[in-house]
Structures are given as structure tokens and as C-alpha cells.
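Work through these exercises with the sequence and the model in view. Try each task before reading its solution.

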Amino acid sequence: MRYRLTFIAGLALGYVLGTRAGRERYEQLKKSARQFAQNPAVRNTAETAAQQGRTYAGKAMHTVTDKVGDHVPSSVAQRVRSLRDRTAGGSAGDDWGTSNT
């Protein structure tokens, strides 16, 4: 019984010390990630990538609707055409890739 009690006490102490060290390391990682995300070069690169993604997605949408438009049900084709008409003048003013923070 004495060995069992010693083992349980050691296990509890190890758990408490391990979680405290783990929490400190987690806070360090979180701080580093926040600093990385707030770096202007990283933010500019992310925004450029998001803008290019929106551009390529728009081009892909038009290509796919041109090639597959006749092979889908009419209700789906109407929805795609309405979306295409809405975005025909350029950017549709969506907020993809932007953050509100």
C-alpha cells in the first residue's frame, strides 16, 4: 500500500509540474505566432495570395460554366448565370480573405 501511495503522489506531482511547464510553452508559442502574424511582410504576402486566389477562382468559375453549363440541371445553371452576371463587372465586393479585426 505504501508503494502505491508513493506512486500516486509522484504521478500527481508530475502531472502538476508537467501541465505548468506545458502551459508556459504554449503561451510562448502563442506569442511567437501572434508576432509572426502581425509582421507587415507576412500580412502583405497573405493579402497578395488571397487576392490572387480570388482572381483565379473567378477565372476558373467562368471557364467551368462555359464548358459545363449545358450539362447541369437548369436550376443550377440559372444560379451560376446569376452569379456570373453579378461578378461580370469586376470584383463583386466580397470579403473573402479580409479580416474584420
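**Exercise 1.** Does E27 count as buried, partly exposed or exposed?

*Solution.* Start with the ground rules. This is a predicted model, in which local features need pLDDT of at least 70, side-chain atom pairs count only at pLDDT 80 or more, and totals for chains, interfaces and linings use all residues. Residues are numbered from 1 along each chain as its sequence is written, and side-chain values use heavy atoms, with hydrogens and water left out.

Now the cut-offs. Buried means under 20% relative accessible area, exposed means over 50%, and partly exposed lies in between (1.4 Å probe, protein chains only). E27 has 30% relative accessibility, so it counts as partly exposed.

**Exercise 2.** Find the salt-bridge partners of E27, and place them in the fold.

*Solution.* Step one: recall the principle. Side chains of opposite charge can pair when their charged atoms come close. The rule here asks for a side-chain nitrogen of Lys or Arg within 4 Å of a carboxyl oxygen of Asp or Glu.

Step two: apply the rule. E27 meets R23 at 3.0 Å, N to O. E27 also meets K30, at 3.8 Å. R23, E27 and K30 are thus named as one network of salt bridges.

Step three: locate them. Helices are DSSP runs of H or I with at least four residues, strands are runs of E with at least two, and both are numbered from the N terminus. R23 and E27 lie in helix α1 (residues 2-37), four residues apart, about one turn. E27 and K30 are three residues apart in α1, again about one turn.

Step four: check exposure. R23 is partly exposed at 49%, and K30 is partly exposed at 34%.

**Exercise 3.** How many salt bridges does the rule give?

*Solution.* The count is three. One of them joins E47 and R54, with the closest N and O atoms 3.4 Å apart. E47 is partly exposed, at 35%.

**Exercise 4.** Describe helix α2: how far does it reach?

*Solution.* Helix α2 covers residues 40-68, 29 residues in total. The expected span is 1.5 Å times one less than the number of residues. That gives 42 Å, and the span from first to last C-alpha is close to it, at 41 Å. Look at the start of α2 too: a side-chain oxygen of N39 comes within 3.1 Å of the backbone nitrogen of A41.

**Exercise 5.** Sum up the whole chain: what is its pattern, and how much of it is buried?

*Solution.* The chain has three helices and zero strands. Its pattern along the sequence is α-α-α. Of its 101 residues, 5% count as buried.

Notes:
Polar contact = N/O pair within 3.5 Å; in protein donor to acceptor, adjacent residues only side chain to side chain.
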